[in-house]
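Subject: Structure for your files

Dear colleague,

Here is the structure I said I would pass on. My notes on the packing of its helices and on its sheet follow below it.

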Amino acid sequence: MASQHMQLLQSFRKVIPPLLFDTHKGEAGRIGVVGGSEEYTGAPIFASMAAFRTGADLVHVFCAKSAAIPIKSFSPDLIVHPLLDSPSFSDDIDKWLPRLHALVIGPGLGRDEKILSNVEQLIGILRKQEHPIPIVIDADGLHLITEKPHLINNYENCILTPNVIEFERLYAKVTGVKSDEIKQENDKRKLAQKLAETLHVNILMKGHLDTISSPNSQEPIQSGIDGSPRRCGGQGDLLAGALATSYCWAIKNRDKIEHQSSNSERSPTSNERINYLSKSTPAQVAAYAASTLVRTASQGVFNKLGRSMISADILKEIGPTFNKIFEK
């Protein structure tokens, strides 16, 4: 496992954009976050700022009108568009999509029918692109997908990030298997792989071990880095934002991952290496890196603050933790 961990982190290091004086704003990632409602303004903030702290250059937040002022007030770094509940949403957002490298859909989205209808239209627009941009779907975005799985079926550059309960609901909807039968399966990797192959999307099932499956990979991978026992709200949003940035980089530089995998298959240093590295997809490499980043940051904060730790504390630790893991 230690060898697998190091090899996956090394794969991710290859896709991190270098910090050079001759680059321009936006090259390291322009991320969109779709979410933010009257009740929930913190979730899109956590996702957006985590994308920033992981290394994205620009973050746009597409939220409901009632959420715009709180989100704008949090940070001048965020570009906020109060159009999620607009009757002209499709036309309004369509002009911004060509500027984005990845999207997070779901943090603070809520379950208003009009907003969910607009998100459904958004996914339809994305699917019509010649090269659909990477999307990460979390939180209430997963509620929509559970109701209508066909929306993302065969969306190759999509990562769903359900927790255990959300996974069971989605798995039951897609496969018809009852919840009790799902709970009886001890090997969660099999379930995650089955769902990834059925929907033809990528799955990051959050839990004690984060399980990461892709339809193009025969071997799910798991992140077992200790995080923290605290379950304060917002940690999933941090992961979604960090994942959007890491996935953006992995897709943009997927040839570096595939080249390394190809070399591993031709000249393996061990049987273990060919079993996981040669089959790891950009989604798996990105998800493993994001999971490791947020779990390690959470662990560090918990060691300092213990029970009083909140997600805002973890957010502050993402940048320093990134440097320790990936840029040493």
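I start with a helix pair: L142, I145, T146 and E147 of helix 6 are in contact with E166, R169, L170 and K173 of helix 7. By class, the residues of this contact are three nonpolar, one polar and four charged. Please keep in mind throughout that the model is predicted.

The axes of helix 6 and helix 7 (residues 164-175) come within 9 Å of each other, and their crossing angle is roughly 15°. Angles under 35 degrees count as roughly parallel, and helix 6 and helix 7 are therefore described that way. The crossing in which helix 6 passes helix 7 is left-handed.

Helix 6 also has helix 5 (residues 113-127) as a neighbour; here the axes come within 11 Å and cross at roughly 75°. That value makes helix 5 and helix 6 roughly perpendicular to each other. On the helix 5 side the contact is formed by L116, V119, E120 and I123, and on the helix 6 side by H143, L144 and I145. Five of these contact residues are nonpolar, one is polar and one is charged. I145 of helix 6 thus appears in the contact with helix 5 and also in the contact with helix 7.

Now the sheet. It is open, has nine strands in the order 3-2-1-4-5-6-7-8-9, and its pairing is mixed. Strand 3 (79-81) and strand 9 (221-223) are the edge strands; each has a single partner strand, so one side of each has no neighbour in the sheet. From one strand to the next the twist averages 20°.

Strand 1 (residues 30-34) pairs with strand 2 (residues 58-62) in the parallel sense, over five bridges. Within this pair, V33 has V61 in strand 2 as its bridge partner. Helix 6 (residues 140-147) comes in again here, since it packs on the sheet and touches strand 4 (102-105), strand 5 (135-137) and strand 6 (158-160). The direction of helix 6 makes about 90° with that of strand 5.

A further helix pair is made by helix 10 (residues 235-252) and helix 13 (residues 282-305), which pack at an angle of about 140° with their axes 8 Å apart. Helix 10 is therefore oblique to helix 13, as only angles over 145 degrees count as roughly antiparallel. Helix 10 passes helix 13 in a right-handed crossing.

Helix 10 contributes Q235, L238, L239, A242, L243, S246, Y247, A250 and I251 to this contact, and they meet P282, A283, A286, A287, A290, S291, L293, V294 and S298 of helix 13. The residues of the contact divide into 14 nonpolar and four polar, with no charged residue. The contact of helix 6 with helix 7, by contrast, includes four charged residues.

As for the chain as a whole, its secondary structure comes to 14 helices and nine strands. The C-alpha trace spans about 55 × 50 × 45 Å along its principal axes. The radius of gyration is 19 Å, which agrees with the value near 20 Å that a compact globule of 328 residues would have.

Regards

Technical notes
Residues numbered from 1 in each chain as written. Predicted model: local features only at pLDDT ≥ 70, side-chain atom pairs only at ≥ 80, totals over all residues. Heavy atoms only, no water. Pairing = 2+ DSSP bridges. Helix = DSSP H or I, 4+ residues; strand = E, 2+ residues; numbered from the N terminus. Axes fitted to C-alpha atoms, helices over the stretch in contact; angles between N-to-C directions. Contact = heavy atoms within 4.5 Å. Parallel < 35°, antiparallel > 145°, perpendicular 65-115°, else oblique. Left-handed = near helix turned anticlockwise from the far one by under 90°. Nonpolar A, V, L, I, M, F, W, Y, C, P; charged D, E, K, R; others polar. Rg over C-alpha atoms; globule rule 2.2 N^0.38 Å.
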